[in-house]
Amino acid sequence: MMGPDVTWYLAISGILFAIGALGVMLRRSPLIILLSLEIMLNAANLAFIAFARSHGELDGQVFALAVMAVAAAEVVVGLGLIVALNRRDLELDVDKMSTLRG
Amino acid sequence: MIDAPSVDWFALSPELAMLAAAGVALLGAVIVPRDWIRAFAATACALGFAGGLVAAAILFWKSGTPSLEVSDAISRDRLAALAQMIVAGSGLLAVGISYSSRRRVEHVGEYYALLATCGGGMAFLVSAGNLMTLFLGLEWFSICLYVLCAMDLDSVPSLEAGLKYLIVGSFGSGVLLFGSALVYGATGELGFAAIADATRSAGLDDDPLLLVGLAMLIAGLGFKASAAPFHQWTPDVYEGAPTPVTAFMSAATKAVALVLTLRVLTVAFPELDELWTVALAVLACASLAIGNLAALVQRRVKRLLAYSSISHAGFMLIAIAAANELGGKALLYYLIPYCAASLGAFAVVAARERELNAPVTLDNLAGLGWERPLLGVAMWSFMLSFAGFPLTGGFVGKFYVFAAAYERGWSWLVIFGVAATFVSLYYYLAVIRAMYMRPASELTLAPAGASPPREILLSASVFVAMVVNVGAFFAVQPLIDLAKDAAQSLPL
């Protein structure tokens, strides 16, 4: 196979996943959090595609395509919720969403 | 030309029935006269769930030998069929609970369509045969639930619950997906059975990729089953979501997440059972401890029930951790009274909420038992079932769970579970005390006004839930036989 070894792809996808996970945990804006969730899903996609190439099979790539569709659906719902929150003039900050606490 | 796999439509019939119902409900929202939308959509949704229930029952009957369909992506077996029956039954009760909620008529068609779609996703998930159908099924029903939680656009708690569930749920799915990628990388396979074969033949027992992947899979499923320490979203989401949605979520989501956990771990990772049984036992103990202790201090009934559902995830994880046939049987039996009691308890909360138009707390639950005898008696049975008293299915369920752990040789887990049960008595009995045994001076009276009309569908749902819950005690043998047939489709 041409190109770098699969380990490098795995390392990149691990780093991307960590960036995404940290983004979800540390950032406060729901928009950035959605973005970070996408990074997590795409990190997994990269790993799937890299492994599919190294195993010489296609199922990992098919999986990655399906994940992209799912990720798009998830973002639609997420953005819809953010718009709904914004219409009610709520501040877009997950730390301030504390109506539910007990 | 790529060869298309042959599709066993019969194996997919429960989810197809529910999807068809969703389509009809959505279409009806546009073409049916305004006054009829609610009745039309609810009927379509109920028929979809009923169709799913019948299809799953026939599937159970016809699928004596487990098989893999649709190029090995779907497992057709009795485990999936029984779980689909539980999902469809929960959906039917959820329609009854939802019917008289004060929902604006513009969104009522979408509500029932999403409920039916969500049920379809769950039915798909429990029959998953590889990691891809697992992920797709999980996201299919989760995305529907995110919207359902935020369905009350006028209420800030509901929106907040939706967004919180979306963020935490997607985080869990992301972890699960990355775990799937690592498992795929280690074994080169996506199918559950193929993963087990590859692990066995290549001797991957201590392959770091596989181990990390397995850990991430368990964590991702833990988020969905709301097992501690992945439970933080549960109380907030259960409290903020519309109560009928909470009822459906607490029953069906937990059921499918746990059934799937059982399936993945026993089919795909039998070689690593030394590891995952211990991991699940630790998760079970954490869930029991956190769920029960946090429930002790709750005043709001929905939060209390949310923590109670975390502790029940703990009990059911004990059954999976036992990893023997008795454990599989125990889990599948336990789910039946648990789902009934959970739906019923939230239905009673929903009824009270509609009377008072305020969140239900242990204080304003006072007197409910005398005002509404049916709801009161039903709530008795649900609380006693949660606490594992005899005469309710919860007792037999706990008995089998502990027997499975004992058979595994984990007496310490049994002792922990029994201790947790004793702690839980305090708050379950507190609910009953709040309903019946408050002195008149402690009562905070409900707002003035005539008592709202009796909701026949809601009362009927509560009654059915009570019958299932108590009936599970008296009809132990047939149900255990069902659970045994289902558990036999797994290599335990």
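Start by selecting chain B of this predicted model. Of its 492 residues, 65% count as buried. Now switch to a cartoon view and look for the secondary structure: chain B has 19 helices and 2 strands. How compact is chain B? Its radius of gyration is 22 Å, close to the 23 Å that the globule rule gives for 492 residues, so chain B is as compact as a globular protein of that length. If you turn the chain along its principal axes, the C-alpha atoms fill a box of roughly 70 × 55 × 40 Å. Contacts in chain B often link far-apart parts of the sequence: of those with a separation of 6 or more, 81% are between residues 24 or more positions apart.

**Next stop: chain A**

Hide chain B for a moment and select chain A. You'll find 3 helices and 0 strands here, and reading along the sequence gives the pattern α-α-α. The radius of gyration of chain A is 17 Å, well over the 13 Å from the globule rule for 102 residues, so this chain is more spread out than a compact globule. Its C-alpha atoms fill a box of roughly 55 × 25 × 25 Å along the principal axes. As for burial, 36% of the 102 residues of chain A count as buried. Among contacts in chain A between residues at least 6 apart in sequence, 49% join residues at least 24 apart.

**Where the chains touch**

Bring chain B back and look at the place where the two chains meet. Here 34 residues of chain B are in contact with 35 residues of chain A. On the chain B side, try selecting residues 131-149, 156-187 and 233-240: these are α5, α6 and α9, the elements that give two or more residues to the side touching chain A. Which of them gives the most? That is α6(B), with 18 residues. Color this side of chain B by class and you get 21 nonpolar, 7 polar and 6 charged residues.

**Stay with α6(B)**

Keep α6(B) selected and add helix α8, residues 208-225 of chain B. The two helices pack at an angle of about 155°, and their axes are 7 Å apart. An angle over 145 degrees counts as roughly antiparallel, and α6(B) and α8(B) are therefore roughly antiparallel to each other. The crossing of α6(B) past α8(B) is left-handed. The residues of this contact divide into 16 nonpolar, 9 polar and 1 charged.

**Back to α5(B), with α4(B) beside it**

You met α5(B) at the contact with chain A. Now show it with helix α4, residues 108-126 of chain B: the pair packs at about 160°, with axes 8 Å apart. That makes α4(B) roughly antiparallel to α5(B). Show side chains to see who takes part: residues of α4(B) including B:L114, B:C118 and B:F124 make the contact, and on α5(B) the residues include B:L134, B:W140 and B:F141. By class, the contact of α4(B) with α5(B) has 14 nonpolar, 3 polar and no charged residues. While you rotate the pair, check the handedness: α4(B) passes α5(B) in a left-handed crossing.

**Another pair: α11(B) and α12(B)**

Select residues 273-296 and 301-322 of chain B, which are helices α11 and α12. Their axes come within 7 Å and cross at roughly 155°. Are α11(B) and α12(B) roughly parallel or antiparallel? They are roughly antiparallel to each other, and α11(B) passes α12(B) in a left-handed crossing. Among the residues that meet here are B:L280, B:S287 and B:I290 in α11(B), with B:Y307, B:G314 and B:L317 in α12(B). By class, this contact has 16 nonpolar, 7 polar and no charged residues.

**Two single residues to finish**

Zoom in on B:L429, which sits in helix α17, residues 411-436 of chain B. With 14 C-beta neighbours inside 10 Å, B:L429 counts as partly exposed. Now pick B:L384 too: it is 45 residues away along the chain, and the C-alpha atoms of the two are separated by 8.0 Å.

Last, select B:P491, in the segment after α19 of chain B. Is B:P491 buried or exposed? It has 10 C-beta neighbours inside 10 Å, so it counts as exposed. Leaving out residues up to four places away in sequence, B:P491 touches B:T266, B:V267 and B:P270. For a distance across the chain, try B:P491 to B:V156: they are 335 residues apart in sequence and 47 Å apart in space, C-alpha to C-alpha.

How values were computed: Residues numbered from 1 in each chain as written. Chains lettered and ligands numbered in written order. Predicted model: local features only at pLDDT ≥ 70, side-chain atom pairs only at ≥ 80, totals over all residues. Contact = placed C-beta atoms within 7 Å. Helix = DSSP H or I, 4+ residues; strand = E, 2+ residues; numbered from the N terminus. Nonpolar A, V, L, I, M, F, W, Y, C, P; charged D, E, K, R; others polar. Buried ≥ 20, exposed ≤ 12 C-beta atoms within 10 Å, placed from the backbone. Axes fitted to C-alpha atoms, helices over the stretch in contact; angles between N-to-C directions. Parallel < 35°, antiparallel > 145°, perpendicular 65-115°, else oblique. Left-handed = near helix turned anticlockwise from the far one by under 90°. Rg over C-alpha atoms; globule rule 2.2 N^0.38 Å.
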